[in-house]
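Open the model in your viewer and keep the selection tool at hand. This tour goes stop by stop.

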Amino acid sequence: MEHFEYNLASYGIVINMLLRVAICIECEKTIALSSLVLHIRAHLKFVDVPCGLADGLRASFALEEALVWPKTPIKPIFPIPIEPEPLVFCNNCNKGYATVNSVHSHQRARKCSDTLPPSDTYHNGYGQLIHIGRARGYLEVIVNDLVKKTDKQIDHAALFMDNLGGIRDYANMPVRLPEDEMNLSSFYHRDGWLQHLEGYTAADLSEAYRASTSEDPGGEILRNLAYRYLREAQENIKTHSGFGLMRALGSVMPTE
Ligand SMILES: [Zn+2]
Ligand SMILES: [Zn+2]
């Protein structure tokens, strides 16, 4: 549950709107409003917890000092663990106990049947241990639609890939010129290759120099034309400006 003023996650608590209580995520326990600020400060020594937090939450979420006990099973409450063993629940008030004897002594004490006829009926179910001030009680929860951890298929590879995130796809990033021309190696600087590549991505370049396939109509014709163009250009370079090392570097065609 979000609060417009307080960042509850930063205090390590969640608010359960059904029980109208605050729950400490680290202790997995409901925390009474009266001790909430002290409780958070005990966990987070360096966090400034406002004194008015408990009152603010009480007002915003209509929280109660004593939690509202549900009369029917509810969905499990985050982050309280579910008890591994089944429990015995009083049919009157739906409070849970570890044994039939203890549910019967609860019923004999008539703690739950002030306004109801006495009952000694009970049912079995699963529960979560809830702390109410200094007392504790088991709350019945619905576990039918929960998936056991051991039954859950975990795709470790997918989890790993999901968590990688944010990897730059260099293949699809446009080639950029360095801001400082002096950073260009003399070869690139002199021959100006980068100017021709600017704006294209590595994927574009890879596409440009791959061999043509049957799905590329005219690929072979274009290749031959480009080959002829380069050969003629090469002749011109040799004839008009090529000499020495420049000539060797400029030579992209096999020499006769
Ligand atoms: Zn705690
Ligand atoms: Zn009862």
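Start by selecting strand 2, residues 21-24. Both of its faces are covered. Val21 and Ile23 are buried on one side, Ala22 and Cys24 on the other. Buried here means 20 or more other C-beta atoms within 10 Å of the residue's own, with C-beta atoms placed from the backbone; exposed means 12 or fewer, and partly exposed lies in between. In a regular strand the side chains alternate between the two faces of the sheet.

A word on the source. This is a predicted model, where local features need pLDDT of at least 70 and side-chain atom pairs count only at pLDDT 80 or more, while totals for chains, interfaces and linings use all residues. Residues are numbered from 1 along each chain as its sequence is written, and chains are lettered from A and ligands numbered from 1 in the order in which they are written.

Add strand 1, residues 13-16. Strand 1 pairs with strand 2 in the antiparallel sense over four bridges. Strands are DSSP runs of E with at least two residues, helices are runs of H or I with at least four, and both are numbered from the N terminus. Two strands pair if DSSP finds at least two bridges between them. Find Ile13: Cys24 of strand 2 stands opposite. Four residues separate the strands in this hairpin, and Arg20 takes a positive phi near 55°.

Now add strand 3, residues 29-31. Three bridges join strand 3 to strand 2, again antiparallel. Thr30 is the bridge partner of Ile23. This hairpin also has four residues between its strands, and Glu28 takes a positive phi near 55°.

Next, select strands 4, 5, 7 and 6. They form a closed barrel in the order 4-5-7-6, with antiparallel pairing. The twist averages 60° from one strand to the next. Zoom in on strand 4 (residues 87-90) and strand 5 (residues 95-97), joined by two bridges. Phe89 stands opposite Gly96.

Which helix lies across strand 4, strand 5 and strand 6? Select residues 100-108: this is helix 3, running at about 20° to strand 4. Angles run from 0 to 180 degrees between N-to-C directions, with axes fitted to C-alpha atoms, for helices over the stretch in contact. Contact means C-beta atoms, placed from the backbone, within 7 Å.

Last stop: helix 8, residues 219-240. Is helix 8 buried or hardly covered? Hardly covered: the count of buried residues among its 22 is zero. Its end C-alpha atoms are 31 Å apart, which agrees with the 32 Å expected at 1.5 Å a residue. That expected span is 1.5 Å times one less than the number of residues.

Conventions
Contact = placed C-beta atoms within 7 Å.
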